[in-house]
Amino acid sequence: MKMRSNPGTELFAHTASTQDEAAADSQRVAPSQSLSARNRRRFLKGGMLAVGATAFGAGLAPSRLLASQDDNSASITKGDIAILRFLQALETIETDLWQQYSELGGTQDNEVSGLNGGNVPYTQALQLLDGDMPQYIHDNTDDEISHARFLSNYLESIGAAPVDLTPFAQLPSSKADGARQVGRLTNLTQLTIDTSFWSRYRSITNPDFDPNAVFAQAVPSLNVGMHTAIPRSNDDTAGSVINPDPTQSTFPDLLKAIAFTAGFHFAFIEQGGTSLYPTLAQHVTNLEVLRILLSIGPSETMHFQTWQDKAGNATPLTVVDKTNNSSVTFTALQNAQGETDPESLNGDTLQANLIMPEPTHFLNPKFGPVAIIRPTSTKLSGAQAAVNSLVQDGLFRGQKPLNNPELVKVLLQLAEAADEARRGL
Ligand SMILES: [Fe+2]
Ligand SMILES: [Fe+2]
């Protein structure tokens, strides 16, 4: 497809065209009528767009289609496409992992989860965090499927190829009841979960301004060794006593720990998307592509906010997992008091219900602290940083050869192109 070769000239052409049209409007119609006249013109342009879309399919230059979408928008650049392709690939990764959670722990219907019936002990153990967990897991999965599908369809509509990660779906499924036996892109059984997002959002310190700041882990042991967030087989749910009323069921500590690990992993994944979208949005040129990023990104934030609220309901527990040769300890975060200040690392500072973002430094300290998403710098939350954090999370562990270097390589190549995109206005 045609890319912008001379952004300045093209932008000027759009602006001049809009000004000419506005001037013509004011000359042809009385002021009271001009609005309806403009609306009519926009309607006509909508019609042209539909015709253009058909013509595009017939091989007409896409730049004409794009130009007709919005007079104030620059055409889609190579950088925009790189960003969209990376996000489509990452949403495919997200879909893969959420699908696994949904098959085992989500509300079971044919919208997302298939008809495998789920894993009843795991689903009920997740409800120790909140009775709505199965519905939330189902809906988060539904959202990720929609993100990946939309981005793929949009890329095709502008003549760009979506990324196909299907050849990398080689990891085995859980053997526990409920899981489909299909190849997976991600491994949820050997995770190392960075839970520092917890204190980052409870702190005045912004990692973009203080890269050396240390943020306390909500669950330090999850950030060490390997932990499973799903039952690997029915052995991991054995010993559960299931009652139709989940509040009357009892579970072995290992299954509780697996459910709580999932709760923190949900929040870890979604805080990543929360920072990634606003970071990449700063590199977008075309207004419609910017609208896509600004519209999907906050849905990741809605997920994150929900999950960090639920994870805070984990109850105190220490469990040794012989399979992963690791142990995990959950504490009563509800009993913690106060906000985190890694600038001093003082205090008991992980209070569970402080889920609104603490105001933090932004742009210049002279403006005062402000409640924002952070980080939003390419270095800390750009595309490559996002891929590296998923690798460190252990999501790709277990591929042959070790850590699936080919998949990671492909993701990093896409990420590099996305991070190199520059706003071209
Ligand atoms: Fe997503
Ligand atoms: Fe997400």
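## A buried glutamate at the iron site

In this predicted model, glutamate 270 has a relative accessible area of 0% and is therefore buried. Two of the donor entries of the iron ion (ligand 2) are OE atoms of Glu270, and the remaining protein donors of this ion are OE atoms of Glu94, Glu144 and Glu300, the whole set lying 1.9 to 2.7 Å from the metal. Along the sequence, the donor residues of the iron ion (ligand 2) follow the spacing E-x49-E-x125-E-x29-E.

Glutamate 94 also forms a bridge between the iron ion (ligand 2) and the iron ion (ligand 1), and these two ions are 3.3 Å apart. Because glutamate 94 belongs to helix 4 (residues 78–105) whereas glutamate 270 belongs to helix 8 (residues 253–281), the pair ties together parts of the chain that are 176 residues apart in sequence. Glutamate 94, with a relative accessibility of 9%, counts as buried.

## The two helices that carry these residues

Helix 4 is largely enclosed by the rest of the structure, because 25 of its 28 residues are buried. Its end C-alpha atoms are 40 Å apart, which agrees with the 40 Å that its 28 residues should span at 1.5 Å a residue.

Helix 8 is likewise mostly covered, with 24 of its 29 residues buried. From its first C-alpha to its last, helix 8 reaches 43 Å, a value close to the 42 Å expected at 1.5 Å a residue.

## Aromatic pairs between helices

A pair of aromatic rings is described by the distance of the centres and the angle of the planes. Across the whole structure, a search finds twelve aromatic pairs. One of them joins tyrosine 136 and tryptophan 307, and it is edge-to-face because the ring planes stand at 75°, with the centres 6.2 Å apart. Since tyrosine 136 lies in helix 6 (residues 133–157) and tryptophan 307 in helix 9 (residues 287–311), this pair ties together parts that are 171 residues apart in sequence. Tyrosine 136 counts as partly exposed at 27% relative accessibility, whereas tryptophan 307 is buried, with a relative accessible area of 2%.

How are the rings of phenylalanine 197 and phenylalanine 304 arranged? Their planes are at 80° and their centres 5.8 Å apart, so this pair is edge-to-face. Phenylalanine 197 is in helix 7 (residues 197–200) and phenylalanine 304 is in helix 9, so the contact ties together parts that are 107 residues apart in sequence. Phenylalanine 197 is buried at a relative accessible area of 1%, and phenylalanine 304 is buried at 3%.

## A ring cluster and a charge over a ring

Ring pairs also link Trp98, Tyr101, Tyr136, Phe266 and Trp307 into a cluster. In addition, arginine 202 lies over the face of tryptophan 198, at 4.0 Å from the ring centre.

## The largest nonpolar core

The largest nonpolar core contains 88 residues, and those with the most contacts inside it are Phe86, Tyr101, Phe264, Leu293 and Phe330. Helix 8 gives the most to this core, contributing 15 residues. Tyr101 thus appears both in the ring cluster and among the core residues with the most contacts.

Which residues does phenylalanine 86 touch, not counting residues up to four places away in sequence? Phenylalanine 86 touches Leu276, Leu280, Ala383, Val387, Leu411, Leu414, Ala415 and Ala418.

Conventions:
Residues are numbered from 1 along each chain as its sequence is written. Chains are lettered from A and ligands numbered from 1 in the order in which they are written. This is a predicted model: local features need pLDDT of at least 70, side-chain atom pairs count only at pLDDT 80 or more; totals for chains, interfaces and linings use all residues. Side-chain values use heavy atoms; hydrogens and water are left out. Donors are N, O and S atoms within 2.8 Å of the metal (3.2 Å for Na, K and Ca); water is not among the atoms, so sites may look incomplete. Helices (H or I, at least four residues) and strands (E, at least two) are DSSP runs, numbered from the N terminus. Buried means under 20% relative accessible area, exposed over 50%, partly exposed in between (1.4 Å probe, protein chains only). The expected span of a helix is 1.5 Å times one less than its number of residues. Rings of Phe, Tyr and Trp (its six-membered ring) pair if their centres lie within 6.5 Å; planes under 30 degrees apart count as stacked, over 60 as edge-to-face and the rest as tilted. A charge sits over a ring if NZ of Lys or CZ of Arg is within 6 Å of the ring centre and within 35 degrees of the ring normal. A nonpolar core is a set of buried Ala, Val, Leu, Ile, Met, Phe, Trp, Tyr and Cys residues joined through side-chain atoms within 4.5 Å. Contact means heavy atoms within 4.5 Å.
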